[in-house]
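Welcome, and please have a look at the structure shown here. The notes below walk through a few of its helices, its aromatic rings and its cavity.

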Amino acid sequence: AHGGTRTGRAFTGDKSGDLLYRSLFKAGLSNQAESNNINDDLQLSCYITNVLKCVPPEDKPTMTELNNCSSFLERELSLLSKAKVFITIGQVAFKEILKFYKQKYSLPKTIIFKHGAKYNMPDNKILISSYHTSPRNFNTGIINEAKMIKLFIMAKKLSR
């Protein structure tokens with residue numbers, strides 16, 4: 001096991017999490033720039049979860065795996081009734097959140113995945129899409145720390 005599967009906290013203990021937590025810290029959404037395990041005293045002013053509750057082989061989730069975990073995501077989203085802003089980290093998360101919304105609402109076709117895109121959802125929440133913080137995206141320049149910090153600062157302002 002590696003990453004969150006090993007540590008017990010989403011996006012912890014791998015390179016994707018390193019960029020994510022460092023960016024959250026610099027945006028003022030956490031008390032420390034890294035998270036290495038579930039008992040490291042990290043304090044967040046946001047909620048982090050995974051669409052998929054376990055790491056699939058080769059990090060490529062199948063539709064079956066996503067469908068098997070969808071009830072957990074639906075429950076978490078229902079419990080977050082006071083949340084104002086949702087940020088999806090990666091296209092898989094974006095599609096899964098949209099699937100959740102499409103069960104309840106008719107959505108315009110103009111909601112598309114693009115880093116930093118902001119959408120006002122029918123339940124008065126704001127959905128922001130982001131590229132995944134994976135090493136592949138970071139190493140190719142698709143995403144960087146400055147883009148993530150900017151995105152988190154925007155979300156922080158919108159959540160007030």
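What span should the twelve residues of helix α2 have at 1.5 Å a residue, and how far apart are its end C-alpha atoms? The expected span is 16 Å and the end C-alpha atoms of α2 lie 17 Å apart, so the two values agree. Please keep in mind that this is a predicted model.

Helix α3 can be set beside α2 in a small table.

| Helix | Residues | Expected span | Distance between end C-alpha atoms |
|---|---|---|---|
| α2 | 15-26 | 16 Å | 17 Å |
| α3 | 63-79 | 24 Å | 24 Å |

**Helix α2**

The buried residues of α2 include Ser16, Gly17, Leu19, Leu20, Tyr21, Ser23 and Leu24. They pack against β1, α5 (135-139) and α6 (145-158). After α2 comes Gly28, which has a positive phi, near 80 degrees.

**Helix α3**

With 17 residues, α3 has a length close to expectation, and a bend of about 40 degrees is found at Cys69. Cys69 is also one of the buried residues of α3, together with Leu66, Ser70, Leu73, Glu76 and Leu77. In an α-helix there are 3.6 residues a turn, so residues three or four places apart point the same way. With that in mind, it is worth following Leu66, Cys69, Ser70, Leu73, Glu76 and Leu77, the buried residues, along α3 in the viewer. Among the elements that cover them are β1 (85-89) and α4 (91-102).

**The cavity**

What lines the largest cavity? Its lining consists of Ser70, Leu73, Glu74, Glu96, Lys99, Phe100 and Gln103. Helices α3 and α4 each contribute at least two residues to this lining. Ser70 and Leu73 in the lining are also listed among the buried residues of α3. The structure has one cavity of 30 Å³ or more, and the volume of the largest cavity is about 50 Å³.

**Aromatic rings**

Phe100, one of the lining residues, leads on to the aromatic rings. Across the whole structure, five aromatic pairs are found. In one of them, the ring centres of Phe100 and Tyr101 are 5.7 Å apart and the planes meet at 85 degrees, so this pair is edge-to-face, the cut-off for that class being over 60 degrees.

Are these two residues buried or exposed? Phe100 has a relative accessible area of 11% and is therefore buried. Tyr101 has a relative accessibility of 1%, so it counts as buried too. Elsewhere in the list of rings, Phe94, Phe113, Tyr119 and Tyr131 make up one aromatic cluster.

Notes:
Residues numbered from 1 in each chain as written. Predicted model: local features only at pLDDT ≥ 70, side-chain atom pairs only at ≥ 80, totals over all residues. Heavy atoms only, no water. Helix = DSSP H or I, 4+ residues; strand = E, 2+ residues; numbered from the N terminus. Expected span 1.5 Å × (residues − 1). Bend = angle between axes of the 7 residues up to and from the residue. Buried < 20%, exposed > 50% of the residue type's maximum accessible area, 1.4 Å probe, protein only. Contact = heavy atoms within 4.5 Å. Phe/Tyr/Trp six-rings, centres within 6.5 Å; stacked < 30°, edge-to-face > 60°. 1 Å grid on protein atoms, 1.4 Å probe; cavity = no way out; pocket = protein on both sides within 12 Å on 5 of 7 lines; lining within 4 Å. Points joined across faces, edges and corners; volume = space filled by probe spheres on them.
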